[in-house]
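Trainee: I have a new structure open and I'd like to learn how to read it. Could you walk me through it?

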Amino acid sequence: MSWRKEQRRAERGYHHGNLKEALLQAALGLIAEKGAAGFTFADAARMAGVSAAAPYRHFRDRDELLSSIAQRGFEQFESRLTAAWDDGRPDTVTAFERVGKAYLAFAREEPAFYNAMFESGLPVDANPALQAASERAFNIIRAAAERLAALAPPGTPRPPAMMMALHIWSMAHGVASLFSRGDAARRKLPMSPDELLEAEVLIYLRGLGFPTDRRPPAKGAEPPPVPPEASSGSGVPPGGPWGKPK
């Protein structure tokens, strides 16, 4: 659902006292127009139609307002990635390609959320709720990377799943930021962003010696995913898996 539809609903709710939601939607509108760094706390209050002091009833400062928006964005992002992954059905490579497409679609369709999540400069690790939301979203990519790592052919060293997850996330984020945005910063490309990302991932997997065809693997060829307790250790970089937004 786009922020504009939510904004109309929030505007109706605000007249019944929904100030917090009105401020969130006002800030989303400003981010869509000017970027996360392009507005002040007072600007958000003005767009919401309240006094400059009113936002302090719900948010400590502008950073807390942005954190709330980024958290909501990561929650929606996680939902989309989870639906796209669908527990690896019908096969790991096909399901992972859907995750990549869902990543790009979110950046294209929700540029304000995407900007707040990755380009606001917020220290993610300073906000436990925001960090937890970002990690849950990243864990979808990591779970898919664990399945991909399990496809390593016999005799081929299995790369660390965290390394693969970070590499593939970097590819997706690069394509999304440069070519799949929904704002004026989007670059032109002689192919679709989905096609570019698919080609990048396939080249990457082939370089690691992984099979990339769609034929069902022989029985027992794809080991089960790594248990959660084996993959939830200290492999997450400081500041959360996504790192500090720039």
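Mentor: Sure, we'll go feature by feature, starting with the overall fold. Keep in mind that this is a predicted model.

Trainee: How many helices and strands are there in the protein chain?

Mentor: The protein chain has 10 helices and 0 strands. Following the sequence, you read the pattern α-α-α-α-α-α-α-α-α-α. As for burial, 47% of the 246 residues of the protein chain count as buried.

Trainee: Which residues of H6 are buried?

Mentor: In H6 they are Pro111, Ala112, Phe113, Tyr114, Asn115, Ala116, Met117 and Phe118. That makes 8 of the 8 residues of H6, so the helix is largely enclosed by the rest of the structure.

Trainee: What about the largest nonpolar core: which residues touch the most other members?

Mentor: Phe77 and Tyr103 do, in a core of 72 residues. At least two residues of this core come from each of H2, H3 (41–48), H4, H5 (92–109), H6, H7 (128–149), H8 (161–179) and H9 (193–207). The core also takes at least three residues from each of domain 1 (1–59) and domain 2 (61–215).

Trainee: Now the rings. How do I read aromatic pairs?

Mentor: A pair of aromatic rings is described by the distance of the centres and the angle of the planes. A search of the whole structure turns up 8 aromatic pairs. Take phenylalanine 74 and phenylalanine 118: their ring centres are 5.5 Å apart and their planes stand at 80°, so this pair is edge-to-face. Phenylalanine 74 sits in helix H4 and phenylalanine 118 in helix H6 (residues 111–118), so the pair ties together parts 44 residues apart in sequence.

Trainee: Are phenylalanine 74 and phenylalanine 118 buried or exposed?

Mentor: Both are buried. They also belong to a cluster in which ring pairs link Phe74, Phe77, Tyr103, Phe106, Tyr114 and Phe118. You've met Phe77 and Tyr103 already, as the residues that touch the most other members of the largest nonpolar core.

Trainee: Which residue lies over the face of phenylalanine 39?

Mentor: That's arginine 62, placed 4.8 Å from the ring centre.

Trainee: Next, salt bridges. What's the general idea?

Mentor: Side chains of opposite charge can pair when their charged atoms come close. The count here is 9 salt bridges. One of them joins glutamate 21 and arginine 72, with the closest N and O atoms 2.9 Å apart. Glutamate 21 belongs to helix H2 (residues 19–34) and arginine 72 to helix H4 (residues 62–85), so this salt bridge ties together parts that are 51 residues apart in sequence.

Trainee: How accessible are those two partners?

Mentor: Glutamate 21 is buried, at 16% relative accessible area, while arginine 72 is partly exposed at 24%.

Trainee: Could you show me another one?

Mentor: Try arginine 60 and glutamate 64, whose side chains meet in a salt bridge of 3.7 Å, N to O. Arginine 60 counts as exposed at 57% relative accessibility, and glutamate 64 as partly exposed at 25%. Then there's the salt bridge of aspartate 86 with arginine 89, at 2.9 Å, N to O. Sharing of partners also joins Arg60, Asp61 and Glu64 into one salt-bridge network.

Trainee: How should I read backbone angles?

Mentor: Most residues other than glycine have a negative phi, and most peptide bonds are trans. Now look at the loop between H4 and H5, where aspartate 86 lies. Aspartate 86 has a positive phi of about 50° although it is not a glycine, and it is partly exposed, with a relative accessible area of 32%. Aspartate 87 is in the loop between H4 and H5 too, with a positive phi near 55°.

Trainee: Where is the cis peptide bond?

Mentor: It joins arginine 89 and proline 90, with omega at about -5°. Proline 90 is found in the loop between H4 and H5, and arginine 89 is partly exposed at 47% relative accessible area.

Trainee: Last one: which residues does the UniProt annotation "DNA-binding region" cover?

Mentor: According to the unreviewed UniProt entry, it covers residues 40–59. In the model, that span is 40% helix and 0% strand, and its end C-alpha atoms lie 13 Å apart.

Notes: Residues are numbered from 1 along each chain as its sequence is written. This is a predicted model: local features need pLDDT of at least 70, side-chain atom pairs count only at pLDDT 80 or more; totals for chains, interfaces and linings use all residues. Side-chain values use heavy atoms; hydrogens and water are left out. A salt bridge is a side-chain nitrogen of Lys or Arg within 4 Å of a carboxyl oxygen of Asp or Glu. Helices (H or I, at least four residues) and strands (E, at least two) are DSSP runs, numbered from the N terminus. Buried means under 20% relative accessible area, exposed over 50%, partly exposed in between (1.4 Å probe, protein chains only). UniProt positions are given in the numbering used here, feature names are shortened, and annotations may be inferred rather than shown by experiment. Rings of Phe, Tyr and Trp (its six-membered ring) pair if their centres lie within 6.5 Å; planes under 30 degrees apart count as stacked, over 60 as edge-to-face and the rest as tilted. A charge sits over a ring if NZ of Lys or CZ of Arg is within 6 Å of the ring centre and within 35 degrees of the ring normal. A nonpolar core is a set of buried Ala, Val, Leu, Ile, Met, Phe, Trp, Tyr and Cys residues joined through side-chain atoms within 4.5 Å. Domain bounds come from an automatic or database domain assignment.
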